[in-house]
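I opened this notebook page to record two helix packings and one DNA-facing surface. The entries below follow the order in which I looked them up.

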2 protein chains.
Amino acid sequence: MDKTYIRAEILRALGQPTRLKIIDFLRDGERCVCEIFPAISEEQSNTSRHLSLMVSSGILSRRKEGVKIFYAVKRPEILTIVDLATTIMAQEITGRHEMLLAA
Amino acid sequence: MDKTYIRAEILRALGQPTRLKIIDFLRDGERCVCEIFPAISEEQSNTSRHLSLMVSSGILSRRKEGVKIFYAVKRPEILTIVDLATTIMAQEITGRHEMLLAA
DNA sequence: TTGTTATATGATTGATTAGTCATATAACAA
DNA sequence: TTGTTATATGACTAATCAATCATATAACAA
């Protein structure tokens, strides 16, 4: 129940390439596993594990409909965080580029 | 140079309890290692490793002054991300609480 | 019922990680 | 010079992680 630990868990859940690919794919709305894993070119079982991890970290929501399970980004703040990471990445790349030019 | 991988690296650097404690301590401005490690109750060597990791991930900046090395949060977006994670955590806790009440 | 599709999970492997202890380096003071 | 303080790093360990393969479960169709 440590708050630092819970915050870290949320951010750690976002900090993995396969999971980021899933989140990017879910930007347009909910999708079932059968749509997600071919879209990100990962195995079904691996995709399923990452989806479960993100549900238990509070990143994704899960909805069952017949045989299919639909996943969606649970809160808009998630996408804001990912977008801010993109901003930081862009600034880093610019910065490193300028360092190279100056050298 | 994969962009998904770089974004993941930034978020992963934020998603660890000891590193979150460091970032929280650096909210008020730059601090040297000798101030940081007692404040977060971690070993000097462990703290130094986490600081180096965050510098190479683009999270912190490093400034040398005599014997001391001062670290600071490199970009305001970093703190925004951490604050959003706190918001998500609060919503998660509220949600789980309501589920308990409803059960 | 049997077959098919969608998803989850046990068992395993190799890689990465956080943390510790001891030591190295570097800057400055006396 | 010697001593002291601040920081970084090599070597190591135990724990966690991502990915894979095979298999289990669950829902529905024929």
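The entries start with conventions and then turn to the helices and the DNA.

**Conventions.** I worked on a predicted model, in which local features need pLDDT of at least 70, side-chain atom pairs count only at pLDDT 80 or more, and totals for chains, interfaces and linings use all residues. Residues are numbered from 1 along each chain as its sequence is written, chains are lettered from A and ligands numbered from 1 in the order in which they are written, and side-chain values use heavy atoms, with hydrogens and water left out.

**Entry 1: helix 5 of chain A with helix 5 of chain B.** I looked up how helix 5 (residues 76-102) of chain A packs on helix 5 of chain B, and found an angle of about 165° and axes 10 Å apart. Axes are lines fitted to C-alpha atoms, for helices over the stretch in contact, and angles run from 0 to 180 degrees between N-to-C directions. Helices are DSSP runs of H or I with at least four residues, strands are runs of E with at least two, and both are numbered from the N terminus. The two helices are therefore roughly antiparallel to each other (angles over 145 degrees). On the chain A side, the contact (heavy atoms within 4.5 Å) includes A:Ile81, A:Leu84 and A:Ile88, and on the chain B side it includes B:Ile81, B:Leu84 and B:Ile88. By class, I noted ten nonpolar, six polar and two charged residues. Ala, Val, Leu, Ile, Met, Phe, Trp, Tyr, Cys and Pro count as nonpolar, Asp, Glu, Lys and Arg as charged, and the others, Gly among them, as polar.

**Entry 2: helix 2 with helix 5 in chain B.** Helix 2 (residues 17-25) of chain B packs against helix 5 (residues 76-102) of chain B at about 120°, with axes 11 Å apart. Helix 2 of chain B is therefore oblique to helix 5 of chain B. B:Leu20, B:Ile23 and B:Asp24 of helix 2 meet B:Ile78, B:Leu79 and B:Val82 of helix 5. These residues divide into five nonpolar, no polar and one charged.

**Entry 3: DNA strand C.** I found 23 residues around DNA strand C, of which A:Cys34, A:Ser45, A:Arg49, A:Tyr71 and B:His50 come nearest (near means a heavy atom within 4 Å). The surface residues divide into six nonpolar, nine polar and eight charged. Of the strand's atoms within 4 Å of the protein, 61% belong to sugar or phosphate and the rest to bases. The side chain of A:Arg62 has an N or O atom 3.1 Å from a phosphate oxygen of DNA strand C. For B:Asn46, I likewise recorded a side-chain N or O atom 3.1 Å from a phosphate oxygen of the strand.

Technical notes
Parallel < 35°, antiparallel > 145°, perpendicular 65-115°, else oblique. Polar contact = N/O pair within 3.5 Å; in protein donor to acceptor, adjacent residues only side chain to side chain.
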